[in-house]
Number of protein chains: 2
Amino acid sequence: MTITITAFEKSPDGGKGLARDTRVRWALEEVGQPYEVLPLPFPALKESTHLCRNPFGQIPTYEEGDLCLFESGAIVFHLAERHPGLLPEDANARSRAIMWMFAALNSVEPAILEIVTVKFVEGDKPWTKERMPLVFDRIRHRFRQLSPRLDAAEWLDGEFSAGDLLMVSVLLRSRPSGILDEFPNLAAYVARGEARPAYQRAFAAQLAQAMGKHAAV
Amino acid sequence: MTITITAFEKSPDGGKGLARDTRVRWALEEVGQPYEVLPLPFPALKESTHLCRNPFGQIPTYEEGDLCLFESGAIVFHLAERHPGLLPEDANARSRAIMWMFAALNSVEPAILEIVTVKFVEGDKPWTKERMPLVFDRIRHRFRQLSPRLDAAEWLDGEFSAGDLLMVSVLLRSRPSGILDEFPNLAAYVARGEARPAYQRAFAAQLAQAMGKHAAV
């Protein structure tokens, strides 16, 4: 069955790979599943056709036969559960890899996404300039907590897993702020993720789309 | 093997069941697993013993033999995967239930938790009064998107699942703000969750602890 994901027709980051379709593309590449992309212009996100896919009006979504999923974490997990390569076989190690998936999305990403709130959602407010350093400090707090984990380890827990895939994807979103580079071992961890051939293919595919080449990959 | 979870020794909500141990207690009750509770005073959250359990210094954690997990979503999933009652058997329905777990934690909870940031983390800032209505409106926006889903349905997707368990737990955190009651079908959905015997037992256990009765349940 053909897998079809949705992505922004024009990603707000202009091809930096920070939109959430990149992590799903990456997972698809890691497990070797071909996929097609349905690029959506912003107004289409609010139309009923897309709200049927995702009531929150966001990308990416994932369609495969009768199944339609939203939430990048759920899509990555769906793929990780069905194909080898993203979750360890040992039961406890598998539970820990899944734990890191939730940790990336719940304990790390919300702090980073606050930058978007300050900069864009509340960008016209008088408190923007004074609030941004507070938001940055909360990101640094999380990074300080995560950082020792990767002092001596290549990945979060043994082999590369879906937990690393999501954590690297989430950390990447802090790079434009400069905060990622304040933590050399986190920056190196992200670089290891980016160096994976599957990431390279996913990144190239979203960049090609951002450059106006919408062909299925 | 004994299951031990951590919880606040004194929950900041004084027993309203809004801390994240309640959702884990609820899942344990739904699947009929006995558990013990290790109550932690706030300073203990920053000590190395607990940071080994969870590098982000939060509760709840879950210990069972050699396995130690953090992230309430990951713990609920771990239980849901191992015991019947929280995930449907049909493969597609199961993937959708997991999708709602991620949706509760990633698309709904962060908006609600912003209340904590405005009220407590930045409570002394001059923008608090002007920012709160913006935060409330972003919660309402999410609730408006979720609400139609529960117009005619008892649960998010067929039978009660771990997705409902987390969504109800997350929505509950908006009740003190008054926003939940602005959406009668969401309030009714939460009430259906609260009416489940397993929730009742979980709520009573955390309340007993808040009242100073720390016995294992």
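This text walks through a predicted model of two protein chains, from the whole pair down to single residues.

Let us start with the pair. Lay chain A on chain B, and the fit has an RMSD of 0.0 Å, reached by a turn of 180 degrees with a shift of 0.0 Å along the axis. The two copies are thus related as by a two-fold rotation axis. How much of chain A's interface is also interface in chain B? The share is 100%, so the copies meet through the same surface.

Now look at where the chains touch. On chain A, 44 residues are in contact with 44 residues of chain B. Together the two chains bury about 4,000 Å² between them, and carbon and sulfur atoms account for 61% of that area. Which three residues of chain A supply more of its buried area against chain B than any other three? They are F56(A), F102(A) and W127(A), which supply 18% of it.

Charged and polar groups take part in this meeting too. Six salt bridges are found across the interface of chain A and chain B. You can pick out a salt bridge between R138(B) and E122(A), where the closest N and O atoms are 2.8 Å apart. Counting polar contacts between the two chains gives 16 residue pairs, with both partners at pLDDT 80 or more. On the side of chain A that touches chain B, at least two residues come from each of β4 (67-70), α4, α5 and α6 of chain A. The largest share of that side, 18 residues, comes from α5(A).

Two residues let you see this meeting at close range. M99(A) sits in helix α5 of chain A. Is M99(A) buried or exposed? With a relative accessible area of 3%, M99(A) is buried, because buried means under 20%. Leaving out residues up to four places away in sequence, M99(A) touches C68(B), L69(B), F70(B), E71(B) and A74(B). For a sense of scale, compare M99(A) with W127(A): they are 28 residues apart in sequence, and their C-alpha atoms are 36 Å apart in space.

The second residue is H78(A), in helix α4 of chain A. H78(A) is buried as well, with a relative accessible area of 2%. With residues up to four places away in sequence again left out, H78(A) touches Y62(A), E64(A), L67(A) and L69(A), and also S95(B).

Next, stay inside chain A. Chain A is divided into domain 1 (3-85 + 198-210) and domain 2 (91-196). Notice that domain 1 is written as two stretches of residues. The C-alpha centres of the two domains of chain A lie 20 Å apart. Their contact takes 15 residues from domain 1 and 20 residues from domain 2 of chain A. The area buried between these domains is about 1,500 Å², with carbon and sulfur atoms giving 63% of it. Which residues of domain 1 lose the most area to domain 2? Look for L18(A), R23(A) and W26(A), which together make up 39% of what the domain 1 side buries.

The rule finds four salt bridges across this boundary between domain 1 and domain 2 of chain A. Try locating E30(A), which forms a salt bridge with R196(A), the closest N and O atoms being 2.7 Å apart. Between the two domains, seven residue pairs are in polar contact, both partners having pLDDT 80 or more. On the domain 1 side of chain A, the elements that give two or more residues to this contact are α1, α4 and α9. Helix α4(A) gives the largest share of that side, five residues.

Finally, turn to helix α7 of chain A, residues 162-172. How many of its 11 residues are buried? The number is 11 of the 11, so this helix is largely enclosed by the rest of the structure. Among these buried residues are A162(A), D164(A), M167(A) and L172(A). What surrounds them? The buried residues of α7(A) pack against α1 (21-30), α4 (72-82), α5 (91-121), α6 (128-146), α8 (184-195) and α9 (197-210) of chain A. The N-terminal end of α7(A) is capped by S161(A), whose side-chain oxygen lies 2.9 Å from the backbone nitrogen of G163(A).

Technical notes. Residues numbered from 1 in each chain as written. Chains lettered and ligands numbered in written order. Predicted model: local features only at pLDDT ≥ 70, side-chain atom pairs only at ≥ 80, totals over all residues. Heavy atoms only, no water. Buried < 20%, exposed > 50% of the residue type's maximum accessible area, 1.4 Å probe, protein only. Helix = DSSP H or I, 4+ residues; strand = E, 2+ residues; numbered from the N terminus. Contact = heavy atoms within 4.5 Å. Polar contact = N/O pair within 3.5 Å; in protein donor to acceptor, adjacent residues only side chain to side chain. Least-squares fit on C-alpha atoms with pLDDT ≥ 70 in both. Domains from an automatic or database assignment. Buried area = accessible area lost by both parts, 1.4 Å probe. Salt bridge = Lys/Arg side-chain N within 4 Å of Asp/Glu carboxyl O.
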